[in-house]
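User: I'm new to reading protein models, and I'd like a close look at one part of this one. Could you walk me through the sheet and then show me what sits around it?

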Amino acid sequence: MKNLRQVLWITLIFSCSIRATVGATSDQDEDEDCPSLANATTLQQTQLIQRLTHVCRYDRLERPIEYDPVTSKRLPIVVKTRIYVYFLQNLNSDLLQFKMHALLQLRFQDMRLAYNVYKREGNIMGQKHLSERLWLPHIFFANERESSILGTDEKDVLTSLTPEGNVIISTRMQASLYCWMDFQKFPFDQQFCSTILESWMYNTSDLVLEWEQDKPISFDPDMRLTEYNMANYFHNTTLVEADGINLRHGAFTGTYSSLSFTVNLKREIGFYLLDYYVPSMMIVAISWVSFWLQADASPPRIMLGTSTMLSFITLSSSQSKNLPKVSYIKVSEVWFLGCTFFIFGSLVEFAFVNTIWRRKENIELKKVNSKYIIKSTLTPRPARRQIGGSLSNDSRARSCSSLDNIVSSTESVRNGNGTVNPAFNNYLTVHPNLPIIKTECADTASICSDRTTNDHIVDVDKDKKDTPPTFTTMTPQEIAMWIDRRSRFLFPAMFLAFNALYWTFVYVL
C-alpha cells in the first residue's frame, strides 16, 4: 500500500507538471500571434508600428470604420484635403493643358492606429515603408494627362501618425492637367483651369472628400508667371454620378465625392502689343508709301505692296502657330483681316491709277470733285459732239409757204373740161446756221413775215436750252495723281477709324 501511494503521488505530480508546461507553451504561442502593447512606452517606433499593424489588430485592405453613437449606423470616412502649389507653368495652348508642381496632403482618422491609450506620446513619422503598412484612400486627378511623384533617390511621400490615430499623407508631385480654353478673345483672353480630385474606389457611402477649413489652397509666394497673371482662384465640392455608361470610376456605380479648385489666369498683352500690334501698324503704314510714287512706277510699287503683304502674313502666322485650329473667329483674326484689307487696298489703288495713267484720251468732267472724277474714270465717255451735231431736233428744216391759195401760172395745168388742177405749194427751207430770209407773198406778205419771225424766235430759244454746260478737261495723268493725293489722307483716316472701333470693342470685352 505504501508503494502504491508513492506511485500515485508521483503520477499526480508528473501530470501537473505536464499541464503547466502545456499551458505555458500555449500562452507563449498566443503572445507570439498577437504581440502585446502593454509596454508601448518602451518600444521603438518600428516595433510599435509592427504591433499596431499586426494582422490580429489591423487589416490593411479594410477602410477605417466608424459608427454613429446615436443610431449605430456605419459612417463614411472623411478625408480632409489641402494643396500647396509650388510651381504653375504657363498654359500650353496647343495641347490645352498646364503643368503643376504641388504638395497634396490627405488627412483622416483611423482609430485602429491610436496608441495614446497605451500611454505613448509623440508622433510617428516615416516614408514609403510606413505608408505601405497602412490603409490609404485612393484619390486621383480626374483631368490629368500624366502625373508622377517627385523625388531623387526615394519618392517624396511623408507619412505622419499621431497618438489619436490621425494619419497625414503628404505627397510632392507633378501633374499635367487638361484645361479647356476659349480663344475667341485672344490675345485679350482669360482662362479658367481646374484641378479635379475624385475618389476612385469608394463612393460617398464609404468615403467623403472635404477641403480643410484653414487655407485649403495656398501658393508659393515666389511663384511667378510670364505670359499670364493669376487674377484669383476658388475651390468647390461636388458629387459625380457614375453608371454603366459613364465608366469614370471603372466598373463601379454610385455617387462619388469630388473636390476641385480653379485658377483664373489673365493673359498679359504687353508681349503682343510690342511683337504683333505695333509691327503690324508699321507694315500697314509702309504700304502707303506707294501713294507718293508716280503711278507708272510699276516695279517699285508692286514690290512694296507684295513685300508688305508677305511680311504681315509671316508676322501673323508666327503669333498663331501655337494656337489650336479652332473654327470660330478670334479677336486677333479681326485685326489680321483689317490690316490685310488696307494693304490689299493699296495694291488695288495702284492697279486703278496705273490703268488710268495709260489711257490716251483726255477725260471731260462736269466738275472737279470726287464724284465726277470717280464716275468718269469708271465709266469713261466719248468726246462731246459739236453743239450743232448734238441737237438732233435742229437738223430738221423749217418751211414757209410763199404762195397761199395762189396757183402759179407756170405750174397750173388745165384739163380738158377747163377746170384748173391745184398747184403744188412752194416752200422756203430755213436752216439754223443760215441767215433768215423774209419772203413777201403777193397778197399776204405780212402773214409770211410773221411766220418766219416766229420760227426764228423758237429756234433761238431752243438753241439756248439745248446748249450743254461748261466741261473741264483733265488728262489721265492728272486724274491718277489726283487719286494718289486723296489716298494719302483717305487710307490713314480709315485706318485710324478701324483702330478706334477695334480697341473700343476690345475694351468692352
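Analyst: Let's start with an open sheet of four strands, in the order β6-β10-β14-β13, with antiparallel pairing. Strands here are DSSP runs of E with at least two residues, helices are runs of H or I with at least four residues, and both are numbered from the N terminus. Two strands count as paired if DSSP finds at least two bridges between them. This is a predicted model, so local features need pLDDT of at least 70 and side-chain atom pairs count only at pLDDT 80 or more, while totals for chains, interfaces and linings use all residues. Residues are numbered from 1 along each chain as its sequence is written, and side-chain values use heavy atoms, with hydrogens and water left out.

Now look at the edges of the sheet. β6 (139–141) and β13 (228–242) each have a single partner strand, so one side of each has no neighbour in the sheet. From one strand to the next, the twist averages 20 degrees. (Axes are lines fitted to C-alpha atoms, for helices over the stretch in contact, and angles run from 0 to 180 degrees between N-to-C directions.)

At the β6 edge, the partner is β10 (residues 190–199), joined to β6 by three bridges in the antiparallel sense. You can find F141 standing opposite L197 of β10. As background, strands of a sheet pair through backbone hydrogen bonds, either parallel or antiparallel.

At the other edge, pick out A242, which is in β13. Is A242 buried or exposed? With 6% relative accessibility, A242 counts as buried (buried means under 20% relative accessible area, exposed over 50%, partly exposed in between, using a 1.4 Å probe and protein chains only). Leaving aside neighbours within four places in sequence, A242 is in contact with H249, F252, T253, G254 and Y256, where contact means heavy atoms within 4.5 Å. One of these, F252, is ten residues from A242 in sequence, and their C-alpha atoms are 7.3 Å apart.

Next, on to the loops. P187 is found between β9 and β10, and the peptide bond from F186 to P187 is cis, with omega near 5 degrees. For K215, phi is near 50 degrees, a positive value in a residue other than glycine. K215 lies in the loop between β11 (207–211) and β12 (217–219) and is exposed, with a relative accessible area of 62%. Why point these out? Most residues other than glycine have a negative phi, and most peptide bonds are trans.

Follow the chain back from P187 and you reach β9 (residues 166–178), which pairs with β8 in the antiparallel sense over five bridges. There, L161 stands opposite V167 of β9. The two strands form a hairpin with four residues between them, and G165 in the turn has a positive phi of about 90 degrees. Four of the five residues of β8 (residues 157–161) are buried, so β8 is largely enclosed by the rest of the structure. β8 also pairs with β5 (residues 124–126), again antiparallel, over three bridges, and M125 stands opposite S160 there.

Now for the inside of the model. The largest nonpolar core has 75 residues, and those touching the most other members are I83, V85, F98, M100, F261, W335 and F495. A nonpolar core is a set of buried Ala, Val, Leu, Ile, Met, Phe, Trp, Tyr and Cys residues joined through side-chain atoms within 4.5 Å. Strand β4 (residues 97–109) gives the largest share of this core, six residues. Beyond its neighbours within four places in sequence, F261 is in contact with residues including I83, V85, M100, C193 and F234.

F495 leads us to a pair of helices. It is one of the residues through which α10 meets α4, and another is Y502; on the α4 side, L273, Y277, M281 and V284 make the contact. The axes of α4 (residues 270–287) and α10 (residues 476–508) come within 12 Å and cross at roughly 155 degrees. The two helices are therefore roughly antiparallel (angles over 145 degrees count as that, under 35 as roughly parallel, 65 to 115 as roughly perpendicular and the rest as oblique).
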